[in-house]
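Please open the structure in your viewer and keep the selection panel at hand, as the tour moves through a few side-chain pairs before turning to a pair of helices.

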Amino acid sequence: MSSTQQNFAGCGDREGKMGIVKVRDLIYEYIRRDEEGNVEGITTAVDDVSLDIRQGEFVAVLGHNGSGKSTLAKHLNAILYPTEGTVWVDGKDTKDDAAVWDIRQTAGMVFQNPDNQIIGQVVEEDVGFGPENMGVPTKEIWERVEESLKAVGMYQYRKYSPNKLSGGQKQRVSIAGVIAMHPKCIVLDEPTAMLDPQGRREVIRAVRALNDVERITVILITHYMEEVIYADRVYVMDKGRIALQGTPREVFSEVEKLKELRLDVPQVTLLAHELRREGFPMPKGVLTDQEFLEALEHCVSAVM
Amino acid sequence: MLRDITLGQYYQAESVIHRLDPRVKLGTTVLFIISLFAFDGFWGYGVAALFLGIVIKLSKVPFKFMVKGMKSIVFLLSVTVIFNLFLTPGEPLVQIWKLSITREGVRLAVLLSIRLGFLIIGSSVMTLTTTPNQLTDGLERMLRPLNKMRVPVHEIAMMMSIALRFIPILMEETDKIMKAQLARCADFESGNLVRRAKSLVPLLVPLFISAFRRANDLAMAMEARCYRGGDHRTRMKPLHYEKRDYIAYLIVIGYLVAGVAAGKLIPVLLGGVVL
Ligand SMILES: Nc1ncnc2c1ncn2[C@@H]1O[C@H](COP(=O)(O)OP(=O)(O)OP(=O)(O)O)[C@@H](O)[C@H]1O
Ligand SMILES: [Mg+2]
């Protein structure tokens, strides 16, 4: 695509109020080739996805294995480019080669395996890696490293070797490494998938703090339903398409639909759903234990 | 089992030697090694021993710790010395069966063990007092002129530091795969060489696959964090020469002069007694 065309396409959107991430009609195909380079097969990993994410939002993306979540995430960081459609990050088209580094700085990315994304041999050096690449002056790198490590509660470990940290701690170091680049948006691709429950809680707490305190836009891709209930909005993906979207409450009201998409629902939500089906006056989309208890009290007093 | 191997064996201590710029230490080590081969006569080695002794004392690394890591090398050293002792032609001193120890052989053997011994101790002082990271940084800066000859200095340094970061991870993984294969009755210990080599295949294949996957992930993570090679990069810990580094350079020059002078002058002063 030539640059004039791009500008033309982006023009109308830029005039209106544009969110931090805007995806339009995105299609991405993985093309498998045999040794001679002939096309063997095509997997459409993302199929006609459009979404808008506003600055400061906490958005969760759900979906079972192979539903195209990671592929979508990689588009937001200009690691993959759309086969068809367009992705804008902070108003910049990801296909624009000149904007790649700006985009990667605006939308930071945290991956699943903490071991494979920590580059430094000392925690503080790893956090400094991004700012070093951006050409930030030495003094400011140190300031950024300090503030990022404090934001994820890892400051006292700054001199440690990453190999000596737990999974949750490593993942928080990875997050610090991204926020040291001062992004407007962080994309986390199943950051808790390889962690134990304790590590998972640590990481989610750190991510929520970033969203609440620093107002960084968070796009959290996950398998764990408990992590989704804090989100402002949830997208559920299936076979590369967006199958469901809405607030966590709206999405979790659709228990049957979620089961169809092979996703679990939080246990309290499921229990409330079953009770409702049995004729108890339970509200739809109960998310937390607390809500469930309140609803149950209502229920009991109504039945009595 | 594999995790016991320590690499780059850094010894944490607060000393002048630890604080020196890695470039000084690298340069000094190279000069020291050259000096070992340039000096002749034992007086020069006396100066070298004195220099090495003082550096070790200053580094606060216990001498015992230093020697502990060299046991395997001592074997290699003794083989070389023995060969030199017996196989150098010259004026025979002692005759054992068909082998004879010659005067020249003794001289060469002693010289060689001093040279190699000092060389090993000298370079281990460097690795013990410098973190692998500082070493790669120092190398990158020192070799930067080679950039003009299209040697990818930054890339090589980056590769070294990534290798250092991943060696422990891959070792742990090897350990894990080994245990998994042992649980499936794999046998890594018995049989002849060919069989043992074959038994390594089920170990190496998964290891390589995993290493490639890690490399792929790491490359993506680096790109996501705006890595684009050595240009435009600033450093979090840039190398700066301090006053102590200049002093260190002066001392090294002093050492070289003293060593050469001692080798040439002292024998003359002693009236031509050449050992
Ligand atoms: N490098 C690749 N080459 C070919 N096909 C791929 C590649 N990566 C992913 N795919 C395919 O694209 C589809 C979507 O994959 P993707 O990794 O985006 O799913 P996901 O939702 O992230 O799954 P998971 O929950 O397992 O991480 C899958 O069918 C997968 O097989
Ligand atoms: Mg994925």
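## Salt bridges, then a helix pair

Begin by selecting K69(A) and E190(A), whose side chains meet in a salt bridge with an N to O distance of 4.0 Å; keep in mind throughout that this is a predicted model. The pair links distant parts of the chain, since K69(A) belongs to helix 2 (residues 69-75) of chain A, while E190(A) sits in the loop between strand 7 (185-189) and helix 7 (197-213) of chain A, 121 residues apart. Both K69(A) and E190(A) are buried.

Next, select E202(A) together with R172(A), where the side chains again form a salt bridge, here at 3.0 Å from N to O. E202(A) lies in helix 7 of chain A and R172(A) in helix 6 (residues 167-179) of chain A, so this pair ties together parts that are 30 residues apart in sequence. Are these two side chains buried or exposed? The relative accessibility of E202(A) is 16%, and because the cut-off for buried is under 20%, E202(A) counts as buried; R172(A), at 11%, counts as buried too.

Now show E132(A), D137(B), E140(B), R233(B) and R235(B) at once, for these residues are joined into one network by salt bridges that share partners.

Move on to R241(A) and D47(A), which form a salt bridge in which the closest N and O atoms are 3.4 Å apart. Here too distant parts of the chain are linked, with R241(A) in strand 10 (residues 241-246) of chain A and D47(A) in strand 2 (residues 39-53) of chain A, 194 residues apart. R241(A) is partly exposed, its relative accessible area being 42%. Over all chains, the count comes to 28 salt bridges.

For the last stop, select helix 2 (residues 22-38) of chain B and helix 6 (residues 103-129) of chain B, and look at how their axes come within 10 Å and cross at roughly 175 degrees. Because angles over 145 degrees count as roughly antiparallel, helix 2 of chain B and helix 6 of chain B are roughly antiparallel to each other. To see the contact itself, display the side of helix 2 of chain B that includes K25(B), L26(B), T29(B), F32(B), I33(B), L36(B) and F37(B); these residues meet R115(B), F118(B), L119(B), G122(B), S123(B), M126(B) and T129(B) in helix 6 of chain B. Coloured by class, the contact between helix 2 of chain B and helix 6 of chain B has eight nonpolar, four polar and two charged residues.

Notes:
Residues numbered from 1 in each chain as written. Chains lettered and ligands numbered in written order. Predicted model: local features only at pLDDT ≥ 70, side-chain atom pairs only at ≥ 80, totals over all residues. Heavy atoms only, no water. Axes fitted to C-alpha atoms, helices over the stretch in contact; angles between N-to-C directions. Helix = DSSP H or I, 4+ residues; strand = E, 2+ residues; numbered from the N terminus. Parallel < 35°, antiparallel > 145°, perpendicular 65-115°, else oblique. Contact = heavy atoms within 4.5 Å. Nonpolar A, V, L, I, M, F, W, Y, C, P; charged D, E, K, R; others polar. Buried < 20%, exposed > 50% of the residue type's maximum accessible area, 1.4 Å probe, protein only.
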